[in-house]
Amino acid sequence: MIKVSNLSFSYKKGGHRVLSGINIEFDQRSTAIIGQNGAGKTTFVKLLKGLLKPDEGEILVHHFDAKLKTAAEMARTIGLVFQNPNDQIFKRTVLEEVMFGPLNIKMGKYTAEKQAIKALKMVELDDKLEMNPHDLSLSEKKLLCIASVVAMDTDIIIFDEPTIAQDHQGKEKIREIINELKNNNKLILTIIHDMDFVAENFERTIVFNEGKVLLDGDTRFVFSQKAILSQAKVEPPGITQLAERLGMKNTILTVDEYIRVSGTM
Ligand SMILES: Nc1ncnc2c1ncn2[C@@H]1O[C@H](COP(=O)(O)OP(=O)(O)OP(=O)(O)O)[C@@H](O)[C@H]1O
């Protein structure tokens with residue numbers, strides 16, 4: 001559904017290449033995009049969303065060249081939840097905020113309101129419809145931004161650091177939302193630094209390093225590649241490292257797996 005070929009990009013014409021020679025074909029697997037600060041992850045998703053244009057290469061979205069799609073067409077296909085909710089919030093009530101996106105892509109008012117309320121139920125903010133978004137806590141603001149994108153019913157949803165500013169309960173909520181979206185056949189791509197969350201929730205992981213793809217595969221495979229990960233200064237999840245130190249042969253991704261496997265040893 002998204003195919004990226006030979007993608008390169010620099011912010012200044014002829015300047016430093018922030019991304020070069022990227023080839024990725026996304027399928028329905030939920031995918032984590034990881035890598036050090038400055039590796040090019042946010043730039044990459046902005047290119048996917050059409051907010052930036054490639055210097056070289058091609059992005060096909062549902063078999064059509066993203067360059068030829070209008071901003072409105074891209075908005076109907078790919079939703080992006082920004083890292084900082086304050087970059088996204090500007091309406092006076094929670095309901096107006098979440099209806100803005102659907103109305104902007106020309107959904108009728110009735111459908112937009114229905115979609116907005118459904119999305120607000122999913123993130124459990126449907127009891128705050130008339131509140132001013134700026135009076136919500138940071139964690140609630142992040143959930144509001146997720147609802148704003150979910151309400152647009154795009155096939156592809158990209159999250160940029162969804163677990164930042166979330167406590168344990170907030171992370172559980174994000175996990176449930178991602179699972180529900182996956183069950184609704186949405187393609188979920190997520191930029192994230194929280195390796196435990198990656199191991200527990202994403203089927204595929206792509207490691208960016210200095211503007212290139214260093215590793216790409218099933219999450220278990222990626223976290224088994226310790227030497228390559230260290231080049232990108234990425235550490236596998238704590239439980240994966242502990243299991244390895246204790247001599248477990250298979251790559252362990254979660255505490256539950258660890259308990260199961262150690263019970264059979
Ligand atoms: N608007 C911009 N103008 C010029 N350079 C930029 C701009 N945005 C990002 N960069 C540079 O592009 C490179 C990649 O940045 P990007 O934000 O894509 O990395 P990242 O992997 O998302 O990092 P982080 O994990 O910190 O968000 C960095 O060197 C950054 O300084």
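**Note on the predicted chain and its ligand shell**

1. Of the 265 residues in the protein chain, buried residues make up 40%. The model is a predicted one, and the secondary structure of the chain comes to 11 helices and 10 strands. The radius of gyration is 19 Å, close to the 18 Å that the globule rule gives for 265 residues, so the chain is as compact as a globular protein of that length. Taken along the principal axes, the C-alpha atoms fill a box of roughly 60 × 50 × 30 Å.

2. As to annotation, the unreviewed UniProt entry lists residues 2–235 under "domain: ABC transporter". In the model this span is 38% helix and 24% strand, and the C-alpha atoms at its two ends lie 28 Å apart.

3. Strand β8, which covers residues 187–191, deserves attention for its surroundings: five of its five residues are buried, so the strand is largely enclosed by the rest of the structure. Leu187, Leu189 and Ile191 point one way from β8, while Ile188 and Thr190 point the other way, and all of them are buried. This fits the general pattern that in a regular strand the side chains alternate between the two faces of the sheet.

4. The pairing of β8 involves strands β3 and β7. Strand β3 (residues 31–34) runs parallel to β8 and is joined to it by three bridges, with Thr31 standing opposite Leu189. Strand β7 (residues 156–160) is also parallel to β8, and here five bridges make the connection; the bridge partner of Ile158 in β8 is Leu189. Leu189 of β8 thus stands opposite Thr31 and is also the bridge partner of Ile158. Along the chain, β7, helix α6 (residues 168–183) and β8 make a right-handed β-α-β unit.

5. A second piece of sheet is open and has four strands in the order β2-β1-β4-β5, with antiparallel pairing. Strands β2 (19–26) and β5 (64–65) stand at the edges with a single partner strand each, so one side of each is left without a neighbour in the sheet. Strand β1 (residues 2–9) pairs with β2 in the antiparallel sense over five bridges, and within this pairing Leu7 stands opposite Ile22 of β2.

6. Which residues surround the ligand? They are Tyr11, Val18, Gly35, Asn37, Gly38, Ala39, Gly40, Lys41, Thr42 and Thr43. By residue class, this shell divides into three nonpolar, six polar and one charged.

7. Helix α1 (residues 41–49) has Lys41, Phe44, Val45, Leu47, Leu48 and Lys49 as its buried residues, and Lys41 is also one of the residues that surround the ligand. An α-helix has 3.6 residues a turn, so residues three or four places apart point the same way. The helix is followed by Gly50, whose phi is positive, near 85°.

8. Is Leu143, a residue of helix α5 (residues 138–150), buried or exposed? Leu143 has 25 other C-beta atoms within 10 Å, and because 20 or more are required for a residue to count as buried, it is buried. The C-alpha atoms of Leu143 and Ala119 are separated by 9.8 Å, although these two residues are 24 residues apart along the chain.

Terms used: Residues are numbered from 1 along each chain as its sequence is written. This is a predicted model: local features need pLDDT of at least 70, side-chain atom pairs count only at pLDDT 80 or more; totals for chains, interfaces and linings use all residues. UniProt positions are given in the numbering used here, feature names are shortened, and annotations may be inferred rather than shown by experiment. A residue is buried if 20 or more other C-beta atoms lie within 10 Å of its own, exposed if 12 or fewer, and partly exposed in between; C-beta atoms are placed from the backbone. Two strands pair if DSSP finds at least two bridges between them. A crossover is right-handed if, with the strands pointing away from the viewer, the path from the first strand over the helix to the second runs clockwise. A residue is near a molecule or strand if its C-beta atom, placed from the backbone, lies within 6 Å of it. Ala, Val, Leu, Ile, Met, Phe, Trp, Tyr, Cys and Pro count as nonpolar, Asp, Glu, Lys and Arg as charged, and the others, Gly among them, as polar. The radius of gyration is taken over C-alpha atoms; the globule rule is 2.2 Å times the number of residues to the power 0.38.
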